[in-house]
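These are my notebook entries from an afternoon with one structure. I wrote down what I looked up, in the order in which I looked.

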Amino acid sequence: MKKKIKRYDIIPLALLVYLGVMVYLGYPDYVAGVTSPWLYFGGTAFTLVVIILLRFNLKKREQYRRSRENDLKKNEEKNETDRN
């Protein structure tokens with residue numbers, strides 16, 4: 001059985017690919033001295049931390065969403081049995 005890739009994994013993965021491309025494209029400027037090491041590595045590290053935090057935030061929201069949906073289903077089932 002194939003496992004479906006969750007949205008909270010796809011979005012950060014796409015952003016990591018984008019960050020990798022930007023780091024690759026910016027490397028010649030860093031080597032030439034146009035970009036400071038603080039800007040190059042600091043910006044990369046900051047962006048990486050934000051992507052990681054985004055993934056945890058998206059995962060937590062998905063868990064809350066599933067929990068809320070399960071509670072709604074249980075309440076609907078309970079209401080159905082109470083009516084009968």
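How many aromatic pairs does the structure hold? I keep in mind that this is a predicted model, and I count what the model shows: the structure holds five aromatic pairs.

**Entry 1: the aromatic rings**

I began with Tyr27 and Tyr30, whose rings form a tilted pair, with 6.0 Å from centre to centre and 45° between the planes. I noted both numbers because a pair of aromatic rings is described by the distance of the centres and the angle of the planes. Both Tyr27 and Tyr30 belong to helix 1, where they sit three residues apart, about one turn of the helix. That spacing made me recall that an α-helix has 3.6 residues a turn, so residues three or four places apart point the same way.

Next I asked whether Tyr27 is buried or exposed. With a relative accessible area of 44%, Tyr27 is partly exposed, since that value falls between the 20% under which a residue is buried and the 50% over which a residue is exposed. Tyr30, at 24%, is partly exposed as well.

I then followed Tyr30 to a second partner, Phe41, and found an edge-to-face pair with 5.1 Å between the centres and 80° between the planes. Because Tyr30 lies in helix 1 and Phe41 in helix 2, this pair ties together parts that are 11 residues apart in sequence. Phe41 counts as partly exposed, with a relative accessibility of 45%. Finally I recorded that Tyr27, Tyr30, Tyr40 and Phe41 form one aromatic cluster.

**Entry 2: the two helices**

How do helix 1 and helix 2 pack? I found that helix 1, residues 7-32, and helix 2, residues 37-83, pack at an angle of about 175°, and that their axes are 9 Å apart. An angle over 145 degrees counts as roughly antiparallel, and helix 1 and helix 2 are therefore roughly antiparallel to each other. I sorted the residues of this contact by kind, and they divide into 16 nonpolar, three polar and seven charged.

**Entry 3: helix 1 by itself**

I checked the length of helix 1 against what its residues should give: at 1.5 Å a residue, its 26 residues should span 38 Å, and the end C-alpha atoms are 38 Å apart, which agrees. I also found a kink of about 35° at Gly26, shortly before the proline Pro28. Which residues of helix 1 are buried? I listed Tyr8, Pro12, Leu19 and Gly26, so Gly26, where the kink lies, is under the 20% cut-off for a buried residue. Val31, also in helix 1, is by contrast exposed, with a relative accessible area of 54%.

**Entry 4: separations along the chain and in space**

I closed with three separations from C-alpha to C-alpha. The C-alpha atoms of Val31 and Gln63 are separated by 44 Å, with their places 32 residues apart along the chain. Leu54, which I located in helix 2 and which counts as partly exposed at 28% relative accessibility, lies 15 Å from Tyr18, and the two are 36 residues apart in sequence. Lys4 is in the segment before helix 1 and counts as exposed at 71%; the C-alpha atoms of Lys4 and Asn70 are separated by 20 Å, although these residues are 66 apart along the chain.

Conventions. Residues are numbered from 1 along each chain as its sequence is written. This is a predicted model: local features need pLDDT of at least 70, side-chain atom pairs count only at pLDDT 80 or more; totals for chains, interfaces and linings use all residues. Side-chain values use heavy atoms; hydrogens and water are left out. Axes are lines fitted to C-alpha atoms, for helices over the stretch in contact, and angles run from 0 to 180 degrees between N-to-C directions. Helices (H or I, at least four residues) and strands (E, at least two) are DSSP runs, numbered from the N terminus. Angles under 35 degrees count as roughly parallel, over 145 as roughly antiparallel, 65 to 115 as roughly perpendicular and the rest as oblique. Ala, Val, Leu, Ile, Met, Phe, Trp, Tyr, Cys and Pro count as nonpolar, Asp, Glu, Lys and Arg as charged, and the others, Gly among them, as polar. Rings of Phe, Tyr and Trp (its six-membered ring) pair if their centres lie within 6.5 Å; planes under 30 degrees apart count as stacked, over 60 as edge-to-face and the rest as tilted. Buried means under 20% relative accessible area, exposed over 50%, partly exposed in between (1.4 Å probe, protein chains only). The expected span of a helix is 1.5 Å times one less than its number of residues. The bend at a residue is the angle between axes fitted to the seven residues ending there and the seven starting there.
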